[in-house]
Amino acid sequence: FTMNFVLLFQNITSTTTTAPKPNHTMNGPKHKLCTKLSSTYLRKWWITIVIAAALIIGGIVVACEFSVLIDAVVDRMVALRPGAKTFGWWAKPPVEPRISLYIYNVTNADDFLSNGSKAIVDEVGPYVYSETWEKVNIVENDNGTLSYNLRKIYSFREDLSVGPEDDVVIVPNIPMLSATSQSKHAARFLRLAMASIMDILKIKPFVQVSVGQLLWGYEDPLLKLAKDVVPKEQKLPYEEFGLLYGKNGTSSDRITVNTGVEDITKYGIIDNYNGRTHLPHWTTEACNSLAGTDGSIFPPHIGKDRILHVYDKDLCRLLPLVFEKEVETSNEVPGYRFTPPEWVFADVESHPDNMCFCPAGKPSCSPNGLFNVSLCQYDSPIMLSFPHFYLADDSLRTQVEGISPPQKELHQFFFDVQPKLGTTLRVRGRIQINLAVSQVFDIKQVANFPDIIFPILWFEEGIDNLPDEVTDLMRFAEQVPPKIRLGLILGLCALGVILLLLATFCLIRNSHRQSTLHLEGSNYLATAQVDMNKKQNKENQPASRY
């Protein structure tokens with residue numbers, strides 16, 4: 001239509017220049033005005049077309065690049081900058097974590113030792129403690145990291161527990177059985193001497209203690225003796241024994257993590273732990289790596305194919321987490337559930353990569369479903385598993401009576417994470433503590449105690465929900481940007497298309513109008529020429545008569 005318009009315009013111009021001189025004199029000013037108006041009209045709609053194209057291109061750019069802009073905003077928002085709101089949430093989480101403990105109370109200890117009967121346990125619990133977490137002594141380092149100590153305060157919640165901390169339970173004597181198991185390959189006279197000492201001190205393989213004592217510590221005669229006779233460099237850092245001994249307060253461990261300011265992919269990742277960048281226990285660099293988070297935050301923009309890593313000192317390793325399913329919190333915040341893969345505690349036959357966790361070769365490898373943390377527990381033969389030996393060989397569970405088959409809903413370890421921000425929504429950290437007991441015939445007190453993986457207790461630690469202030473921000477980050485993006489795409493593209501159609505319509509309409517004006521102008525000139533000829537003929541007629 002543009003070419004037609006140009007041709008019509010040229011026709012009008014040529015017609016005007018070839019017309020007789022009298023007509024040019026009569027119609028020149030009017031023609032110039034029409035030409036000027038037509039030129040202005042055309043220029044206006046061409047500008048409109050350019051604007052329309054720019055709007056459509058803008059819509060395409062928004063469709064492709066808007067999420068990149070939002071990600072940049074999220075990265076800046078979550079990075080750990082002192083004074084920022086997210087920094088405050090990280091330093092002192094506005095949540096109330098809880099730990100619930102379930103203890104395997106041995107009900108036939110005498111019969112088990114005397115007659116070789118299978119041990120019978122009764123799971124008692126939960127005993128619930130609320131926790132307060134705070135990172136203290138925070139120091140900002142020059143390399144984009146923060147160093148801190150973690151303070152954990154436990155408060156017993158009898159209203160949520162099955163009974164008071166004074167409830168009495170019978171459990172294996174962990175200090176004694178650890179000592180006897182370690183002496184299995186020592187000289188025989190040492191084992192006999194140990195038996196004599198235990199006889200004098202009246203130490204038995206099972207102890208009757210309160211729940212509070214089992215968790216927070218009680219005076220053990222073997223530890224007390226070790227304090228006096230063991231060389232200073234080999235002494236244990238505590239005088240009492242308790243599974244949570246020394247954990248109620250500020251930890252002496254100095255942790256350094258990346259802030260994410262310089263590299264968001266390292267956000268929350270441990271840089272070093274007590275000055276170490278790797279653990280010293282295992283056989284490969286990958287298995288000794290500390291490149292995980294504490295579990296409260298993860299680098300943002302989490303995809304379903306990413307493997308998350310959590311490090312806790314008591315786990316003695318990084319714990320990998322893989323995507324399981326999509327979830328949603330009670331206040332409609334979407335998340336991803338990550339759980340340890342089934343091979344995480346698998347034996348080396350099932351998963352050869354776990355060979356790196358066997359520091360003394362294959363004989364030191366753990367049975368399927370267990371993880372040996374003795375190197376992190378002063379050589380005490382502690383084995384970790386999931387509760388009720390979930391994902392472990394069922395033969396471990398049936399070594400004792402009284403443990404029900406595991407259930408995924410009750411015994412699975414998982415993290416629910418908000419993928420865009422990398423913030424943990426809900427946690428169930430479920431772990432069972434077991435004691436690997438070795439039979440030692442030369443020590444009469446344990447001569448009838450068979451080789452067995454004896455369950456002590458299991459616990460679940462975690463959070464159920466976050467404060468509304470935090471979840472509102474998460475919901476905004478998850479729901480609002482996509483709506484803004486869609487609105488901008490539709491708005492820009494729709495406005496651009498409307499303007500383009502309008503400009504096209506007006507240009508086509510103007511083209512037809514110019515064509516009509518050309519025809520009318522031609523008829524007018526022809527009529528004027530005829531009139532002038534007639535007039536000239538009339539003027540010439542009298543002259544011809546003379």
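**Notebook: salt bridges and cavities**

I began with helix H10 (residues 394–397), where aspartate 394 and arginine 397 are three residues apart and therefore separated by about one helical turn. I note here that the model is predicted. Looking up the side chains of this pair, I found that aspartate 394 and arginine 397 meet in a salt bridge, with 2.8 Å from N to O. I then checked how far each partner is covered: aspartate 394 is partly exposed, at a relative accessible area of 40%, whereas arginine 397 has a relative accessibility of 13% and counts as buried, because the cut-off for buried is under 20%.

Next I turned to a pair that joins two strands. The side chains of arginine 428 and glutamate 460 meet in a salt bridge of 3.9 Å, N to O. Arginine 428 belongs to strand E17 (residues 423–437) and glutamate 460 to strand E18 (residues 452–462), so this pair ties together parts that are 32 residues apart in sequence. I also asked myself whether arginine 428 and glutamate 460 are buried or exposed. Both arginine 428 and glutamate 460 turned out to be buried. I wrote down the 3.9 Å with some care, because the salt-bridge criterion requires the nitrogen to be within 4 Å of the carboxyl oxygen.

My third entry concerns aspartate 159 and arginine 157, whose side chains meet in a salt bridge at 3.0 Å, N to O. Aspartate 159 is exposed, with a relative accessible area of 57%, while arginine 157 is partly exposed, with a value of 21%. I put arginine 157 down as partly exposed and not as buried because buried means under 20%. Following the contacts outward from this pair, I found Arg157 and Asp159 linked with Glu96 and Arg98 in a network of salt bridges. For the structure as a whole, I noted 18 salt bridges, and the pairs above are among them.

I closed the session with the cavities. How many cavities of 30 Å³ or more does the structure hold? I recorded three of them, and for the largest I noted a volume of about 110 Å³. This largest cavity is lined by 15 residues, of which Ala346, Asn354, Phe357, Ser366 and Leu370 are the closest to its centre. Sorting the lining of the largest cavity by residue class, I listed 10 nonpolar residues, three polar ones and two charged ones.

Conventions. Residues are numbered from 1 along each chain as its sequence is written. This is a predicted model: local features need pLDDT of at least 70, side-chain atom pairs count only at pLDDT 80 or more; totals for chains, interfaces and linings use all residues. Side-chain values use heavy atoms; hydrogens and water are left out. Buried means under 20% relative accessible area, exposed over 50%, partly exposed in between (1.4 Å probe, protein chains only). Helices (H or I, at least four residues) and strands (E, at least two) are DSSP runs, numbered from the N terminus. On a 1 Å grid over the protein atoms alone, a cavity is a set of points where a 1.4 Å probe fits but cannot get out, and a pocket is an open set with protein on both sides within 12 Å along at least five of seven lines; lining residues have an atom within 4 Å of a point. Grid points are joined across faces, edges and corners, and a volume is the space filled by probe spheres set on the points. Ala, Val, Leu, Ile, Met, Phe, Trp, Tyr, Cys and Pro count as nonpolar, Asp, Glu, Lys and Arg as charged, and the others, Gly among them, as polar.
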